[in-house]
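Trainee: I should like to learn how the features of a protein model are read. May we go through some of them together?

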Amino acid sequence: MKRDVDQSVDVTVVGAGPVGLVLAAELALSGATVQVLERRTEPDEAMKAGGINVPTAEALDRRGLLPAAEQVQRETLDRMGSFAHLAGDPQPADGRRARGSRFTGHFAGMVLDADLVDASDPDLAAHDTVAGARLVPQRELEELLAGHVARLGVPVRRGVEVTALEDTGDGVLVGTTAGTVRTGWLVGCDGGHSTVRRLAGIGFPGTDPELTGLLAVADIADPEKLGNGWTWSTRGAYRYGPQPGRVVTVEFDGPPADRSAPVTLEEVQTSLRRVSGTDVTLTALRGTATRWTDNARQAAAYWSGRVLLAGDAAHVHSPFGGQGLNLGVGDAMNLGWKLGAVVAGWAPEGLLDTYDAERRPLGAWVLDWTRAQIGVLRGDAKSAALREVVADLLSTRDGTTYAVKKISGVTQRVDLPGDHPLIGRYAPDLWLTDGSRLVDHGHAGGFLLLDRTPDAAFSRHTAAWSGRVTTVTDTPATPTDTPATPTGLLVRPDGVVAWATDTAAPAALTTLQTALHRWAGPPAPPPDPNPSA
């Protein structure tokens, strides 16, 4: 296996999981030279996340990967067989794309009833185009992204470990098992036990674990002894499904003595018998089982000098609610275009301050969201009483819709200047009169400007940013548009709306110019009329 590393690149990404691959792809689209270093010689086969949220699915859609993700979901549902109803089998396509998915998720093991979700809720209705691409397991997602970065020409160097780093002020010297690398920037996407974070001296404060969880797919001699879905007891909790043989156990007996030790068949069976109160028999493990805890921590800084962190390297928590993978992909999308802009020279390094400022609050929220579920899951009487109260709330239409919106990510918002309700939100599904969608025009990265003024007034004012902003003109908005389409919309490369207006008034042009200068940098200088003079 080729292990040679590029000795000098703009950015070196450490970690070839989904977060590292998404980041590398976004950097490549911005024009940066980038390589990915991964200590494992082969992709990780351990069972991890079983699905993705709306912002992650929309990130794939933004780069033209939605059809491939939809195919993965179809294959996943086929594998689930009789368990598919536990995940929520999507409704048929409406002629455009698979929409109206009934995939809901769970809170502390309480599966949310898809029939109670208010599908007409504006936040949900504005983001339903990717409904057929939510059940994308992490292993399949990594395969999809590996193909994406390969097509972009990004090298992934496997079997290479980082052993040292020195921030020189204008770059980083990285010691690896394959030689020394000189890189402009180093980004650690290397997991909760991040070597990059440790070598950079970045603190990792948080709360210690109090449980041990196991996740495995096993051959079970007598599966009828187990209940489908989640089951609680004073000894812990377990889940059987949503695919044949898939089991999860949770025991509140403290963290494991050695989390990195291989998970054995005997360990899974003993834990499952203990929490289920049955003598169920497992005959074999299929694939690599995983062990996890509720360790919850967040890096003291996401950016220090020429070193940055993303994904689990920046934050860890229990996997309840399936937020970790999605949080990391959001980090990568946010950081990718910003670091690419700094490398390209059209943005100052201070733009990276907005990476920490925008992503840290969401990371803190996810940590608390998972901590709350641990409080509900415990086997003591107080937690059991609390679980009954929460279950009662989740049995209502409003309660279920609220939880689904939080889990799906459709309510995520970045604190940006501006009064329009779309600013800071992920851009909604917007179909254009030519039959395309706004997102279809952004597969190559960069900013998107939707101009629905009668005279294309906004487009004329963005000509100086033409190398960074793709302008899409459409017929003027009407009061009957569903969902309501603004007159103008500026979308950042990560899908976040940076500017929006419902009018074509002169004041809108002023605020557009302000947003362009803030996010897309200074306009490019006009061409020299006499280049040979």
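**Reading the surface, the helices and the loops**

Mentor: Let us begin at the surface, where Leu386, Val389 and Leu393 make a nonpolar patch of about 270 Å². Please keep in mind that this is a predicted model.

Trainee: Where is leucine 386 placed, and is leucine 386 buried or exposed, or does it count as something in between?

Mentor: Leucine 386 belongs to helix α11, which covers residues 381-394. Buried means under 20% relative accessible area and exposed means over 50%. Leucine 386 has 39% relative accessibility and therefore counts as partly exposed.

Trainee: How does one read the two sides of a helix?

Mentor: The general idea is that an α-helix has 3.6 residues a turn, so residues three or four places apart point the same way. Consider helix α6, residues 138-151. This helix has 14 residues and reaches 20 Å from its first C-alpha to its last, close to the 20 Å expected at 1.5 Å a residue.

Trainee: Which residues of α6 are buried?

Mentor: They are Gln138, Leu141, Glu142, Leu144, Leu145, His148 and Val149. Because they cover an arc of only 165 degrees around the axis, they are on the same side of α6. Glu143, Ala150 and Arg151 are exposed on the other side of α6.

Trainee: May we apply this reading to another helix?

Mentor: Certainly; take α8, residues 265-276. Helix α8 has 12 residues, and the distance from its first C-alpha to its last is 16 Å, close to the 16 Å expected at 1.5 Å a residue. Its buried residues are Val268, Gln269, Ser271, Leu272, Val275 and Ser276. They fall within an arc of 165 degrees seen down the axis of α8, so they line one face of the helix.

Trainee: What can be said of arginine 273, which is also found in α8?

Mentor: Arginine 273 is partly exposed, with a relative accessible area of 31%. Its C-alpha atom is separated by 9.6 Å from that of threonine 249, although the two residues are 24 residues apart along the chain.

Trainee: How should I read the sign of phi?

Mentor: In general, most residues other than glycine have a negative phi. Alanine 108 is not a glycine, yet it has a positive phi of about 55 degrees. Alanine 108 is found in the loop between β3 (106-107) and β4 (110-111), and it is buried, with a relative accessible area of 0%.

Trainee: Where does alanine 456 lie, and what is its phi?

Mentor: Alanine 456 lies in the loop between β19 (447-451) and α13 (457-460). It has a positive phi of about 55 degrees although it is not a glycine. Alanine 456 has 25% relative accessibility and counts as partly exposed. As for a glycine, glycine 153 takes a positive phi of about 80 degrees just after α6.

Trainee: How does one recognise a salt bridge?

Mentor: One looks for a side-chain nitrogen of Lys or Arg within 4 Å of a carboxyl oxygen of Asp or Glu. By this rule the count comes to 26 salt bridges. In one of them, arginine 40 meets glutamate 38, and their closest N and O atoms are 3.8 Å apart. Arginine 40 is partly exposed, at 31% relative accessible area, whereas glutamate 38 is buried, at 7%.

Trainee: Which parts of the chain does the pair of arginine 452 and aspartate 474 link?

Mentor: The side chains of arginine 452 and aspartate 474 meet in a salt bridge at 3.3 Å, N to O. The pair links distant parts of the chain, 22 residues apart: arginine 452 is in the loop between β19 and α13, and aspartate 474 is in the loop between β20 (469-473) and β21 (488-491). Both arginine 452 and aspartate 474 are buried. Salt bridges may also form a network, as they do among Asp121, Asp123, Lys405 and Arg425.

Trainee: How, finally, is a pair of strands described?

Mentor: One states their direction and their bridges. Strands β21 and β22 run antiparallel and are joined by 4 bridges; leucine 489 has alanine 500 in β22 as its bridge partner. The two strands form a hairpin with 5 residues between them, and glycine 495 in the turn has a positive phi of about 90 degrees. Strand β22, residues 497-501, is mostly covered, as 5 of its 5 residues are buried.

Definitions and conventions. Residues are numbered from 1 along each chain as its sequence is written. This is a predicted model: local features need pLDDT of at least 70, side-chain atom pairs count only at pLDDT 80 or more; totals for chains, interfaces and linings use all residues. Side-chain values use heavy atoms; hydrogens and water are left out. Patches are made of residues with over 30% relative accessible area and no salt bridge: like charges are joined within 9 Å, nonpolar side chains (Val, Leu, Ile, Met, Phe, Trp, Tyr) within 5 Å. Accessible areas come from the Shrake-Rupley method with a 1.4 Å probe; for residues, only the protein chains shown count as cover. Buried means under 20% relative accessible area, exposed over 50%, partly exposed in between (1.4 Å probe, protein chains only). The expected span of a helix is 1.5 Å times one less than its number of residues. The arc is that of the directions from the helix axis to the C-beta atoms. Two strands pair if DSSP finds at least two bridges between them.
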